[in-house]
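Me: Hi, can you walk me through this one? I'd like short answers, please.

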Amino acid sequence: MLNRLEMLRLFVAAAEAKSFKEAALRLHVSPQAVTRAVQELEEHLGELLFHRNTRANRITDFGTRLAAEARGAVQGVDALFQRASPLPDNELAGLVRLTAPKALGQHFVMPLLAELGREFPGLRLDLRLSDRPADVVDEQIDIGVRVGFLRDSRFVARAVAKVHFHTVASPALLDAVGEPRTLADLQQRPVTVVMDPATGKPWPWFLKDGEEWLPQTWAFATDETLAEFAAVRAGLGFGQVVSLLTIPLLRSGELRRVLPQLEPDPWNLYVYRPQRGPVAARIRLVFDRLVEFFADRERFPEEP
């Protein structure tokens with residue numbers, strides 16, 4: 001017995017052709033296959049689809065109505081499985097959901113997405129910002145940007161840059177309180193912290209050999225990384241800031257680096273996809289642009 005889709009496909013071809021033989025030639029099957037499909041469909045529906053004699057087959061009124069309905073159904077199923085020819089770049093369209101840490105998302109990912117949105121007006125871009133790793137399944141995330149470690153080995157991930165953690169301060173603050181030479185010195189000076197909304201406590205500073213330091217007192221606290229960065233630039237305290245943000249200002253002299261001997265080993269910056277397998281053209285476009293963007297050492301040098 002033929003499956004129902006193939007039965008309908010053969011019937012539609014028979015309805016459109018002058019004979020079962022012509023329908024068979026069009027579909028590269030035997031005339032017997034077309035005859036069998038029509039017979040099985042007639043038995044299933046309990047209706048005659050063709051008047052047959054030795055000279056010709058003439059479709060019935062019921063067969064004509066059924067063919068009109070079946071044609072749309074077969075074409076719809078074929079469209080689902082037909083590989084579309086690649087769209088021109090300027091016609092790429094559809095929804096792409098992304099996640100990134102707040103500072104990276106606001107300072108770097110958002111400008112790139114704005115550029116992509118202007119270049120490809122059909123794209124719909126949904127950016128979710130959080131310093132905690134997103135639940136990519138529940139949130140249906142297509143692409144993520146993350147500094148640190150990826151817990152799920154099933155992700156398709158590209159390590160595109162090394163991110164250092166620099167302890168920095170403004171020249172004005174250094175002139176006012178002096179440069180710390182040890183962690184004990186730093187504890188006696190004003191520092192900035194980022195608060196973890198989940199615990200209400202500051203995130204620890206990362207130090208060499210996997211050690212951490214949790215400031216007991218601080219001069220400025222916020223739950224936004226970019227606000228902390230602004231406070232450091234304004235001279236409110238010493239801060240530990242990622243190199244993606246600090247290097248341009250270290251080179252210009254707006255910030256100065258202290259205690260480099262306490263810095264941890266650099267972390268990887270990843271651009272990742274949570275799903276393996278076929279990738280829609282719009283998702284591959286955004287993924288590849290993010291990889292190219294963060295892998296550009298002219299834009300993101302790894303050392304001051």
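Below is a chat about domains, one sheet and a pocket.

Me: Before we start, what kind of model is this?
Reply: This is a predicted model, where local features need pLDDT of at least 70, side-chain atom pairs count only at pLDDT 80 or more, and totals for chains, interfaces and linings use all residues. Residues are numbered from 1 along each chain as its sequence is written, and side-chain values use heavy atoms, with hydrogens and water left out.

Me: How is the protein divided into domains?
Reply: Domain 1 is 4–82, domain 2 is 89–163 + 267–295, and domain 3 is 165–262. These bounds come from an automatic or database domain assignment.

Me: What separates the centres of domain 1 and domain 3?
Reply: A distance of 75 Å, taken over C-alpha atoms.

Me: On to the sheet. What is the strand order in the open sheet of three strands?
Reply: The order is β9-β8-β12, with mixed pairing. Strands here are DSSP runs of E, at least two residues, and helices are runs of H or I, at least four, numbered from the N terminus. Two strands pair if DSSP finds at least two bridges between them.

Me: Why is one side of β9 and β12 left without a neighbour?
Reply: β9 (201–202) and β12 (220–222) are at the edges with a single partner strand each, so each has one side without a neighbour in the sheet.

Me: And β8, is its pairing with β9 parallel or antiparallel?
Reply: Antiparallel, over two bridges. Met195 stands opposite Pro202 in β9. With β12, β8 pairs in the parallel sense over three bridges. There, Val194 has Thr222 as its bridge partner.

Me: What links β8 and β9?
Reply: They form a hairpin with four residues between them. Gly200 in the turn has a positive phi of about 75 degrees.

Me: Is β8 buried or exposed?
Reply: Five of the five residues of β8 are buried, so the strand is largely enclosed by the rest of the structure. Buried means under 20% relative accessible area, exposed over 50%, and partly exposed in between (1.4 Å probe, protein chains only).

Me: Which way do its residues point?
Reply: Thr192, Val194 and Asp196 point one way from β8, and Val193 and Met195 the other way. In a regular strand, side chains alternate between the two faces of the sheet.
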